[in-house]
Amino acid sequence: MDTTGQHRNHDDMVDYKSMTTADSTPRRLTVEEYDKMGEAGIFGPDERVELVEGSLVSYAPPQEENHAGVVWQFPEVMRGRLGTRVALWTQLPLIISKTTVLEPDVAILRLREGGYRHHRPVVADTYAVVEIAKSSLARDRTQKLRLYASAGIPEYWVVEVSGSQLEMYRQPSGDAYVVKQVVSGSDNVSFEAFPDVVFTVDELLG
């Protein structure tokens, strides 16, 4: 989320005293409350924050050179071939549910009149999401996979930077995907929504 918003009047802020119930059970945040926290300047300027099933998850932006390079390379290659057919949403908020906002490394979105300047994308706008993983690999294969599948994201790719390979997940069913395929090197890959646009793993990873 963009954490550079200015402080607002106290009337616009979340009532933080109500974050727990009388029996001390943590109260889940909604997307609206999450937005207000960002607008109020609660998060640090360099802090990346996601809302996961009502709970805040804060994590540092990627700094390792190889990881950062793939984060740049991947959407650049896709933009060259899919740019006129999709909107690419990179490390920006994607609303998954009323209590979950994630920031996938790349989201491949439907073109929409007026774009996404005033309305953040939701699941219905999404063809696929891509997470580029090194230290976050375990989370991307478990929690993130479950969240994307449960929301009905049609296709989910996990890029394993250290192993230079791609894990492709398709056909969401419940909290999992029915189809998994692992590819690497000169293997050809394409998104289900655009089978005519073919990449190799090597060119996507750089």
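**A nonpolar core and a six-stranded sheet**

In this predicted model, the largest nonpolar core has 27 residues, and those touching the most other members are Phe74, Met78, Ile108, Val130, Trp157, Val189 and Leu204. At least two residues of this core come from each of α2 (65-82), β6, β7, β8, β9 and α4 (201-205). Helix α2 provides the largest share, six residues. In soluble globular proteins, nonpolar side chains tend to be buried together.

Val189 shows how one member of the core is surrounded. When its neighbours within four places in sequence are left aside, Val189 is in contact with Trp157, Leu166, Met168, Val183, Val197, Val198, Phe199, Val201 and Leu204. A second, separate core holds 22 residues, among them Leu102, Ala107, Leu109 and Ala133.

The discussion now turns to the sheet. Six strands make up an open sheet with mixed pairing, and their order is β3-β6-β7-β8-β9-β10. Strands β3 (87-89) and β10 stand at the edges, and each has a single partner strand, so one side of each lacks a neighbour in the sheet. On average, neighbouring strands of this sheet are turned by 20° against each other, direction ignored. In a regular strand the side chains alternate between the two faces of the sheet.

At one edge, β3 pairs with strand β6 (residues 106-109) in the antiparallel sense over three bridges. Within this pair, Ala87 has Leu109 of β6 as its bridge partner. Helix α3 (residues 137-151) packs on the sheet, where it touches β7 (126-133), β8, β9 and β10. The direction of helix α3 makes about 175° with that of β8.

The strands from β8 to β10 can be followed in sequence. Strand β8 (residues 155-160) and strand β9 (residues 165-173) are antiparallel and are paired over six bridges. One of the residues involved is Glu155, whose bridge partner in β9 is Arg170. Together β8 and β9 form a hairpin with four residues between them, and Ser164 in its turn has a positive phi of about 50°.

Strand β9 is also joined to strand β10 (residues 176-184), with which it runs antiparallel, by eight bridges. Here Gln165 has Ser184 in β10 as its bridge partner. These two strands likewise form a hairpin, with two residues between them, and Gly174 in the turn has a positive phi of about 65°. Strand β9 thus takes part in both hairpins, and β10 brings the sheet to its other edge.

Key: Residues are numbered from 1 along each chain as its sequence is written. This is a predicted model: local features need pLDDT of at least 70, side-chain atom pairs count only at pLDDT 80 or more; totals for chains, interfaces and linings use all residues. Side-chain values use heavy atoms; hydrogens and water are left out. Two strands pair if DSSP finds at least two bridges between them. Axes are lines fitted to C-alpha atoms, for helices over the stretch in contact, and angles run from 0 to 180 degrees between N-to-C directions. Contact means heavy atoms within 4.5 Å. A nonpolar core is a set of buried Ala, Val, Leu, Ile, Met, Phe, Trp, Tyr and Cys residues joined through side-chain atoms within 4.5 Å. Buried means under 20% relative accessible area, exposed over 50%, partly exposed in between (1.4 Å probe, protein chains only).
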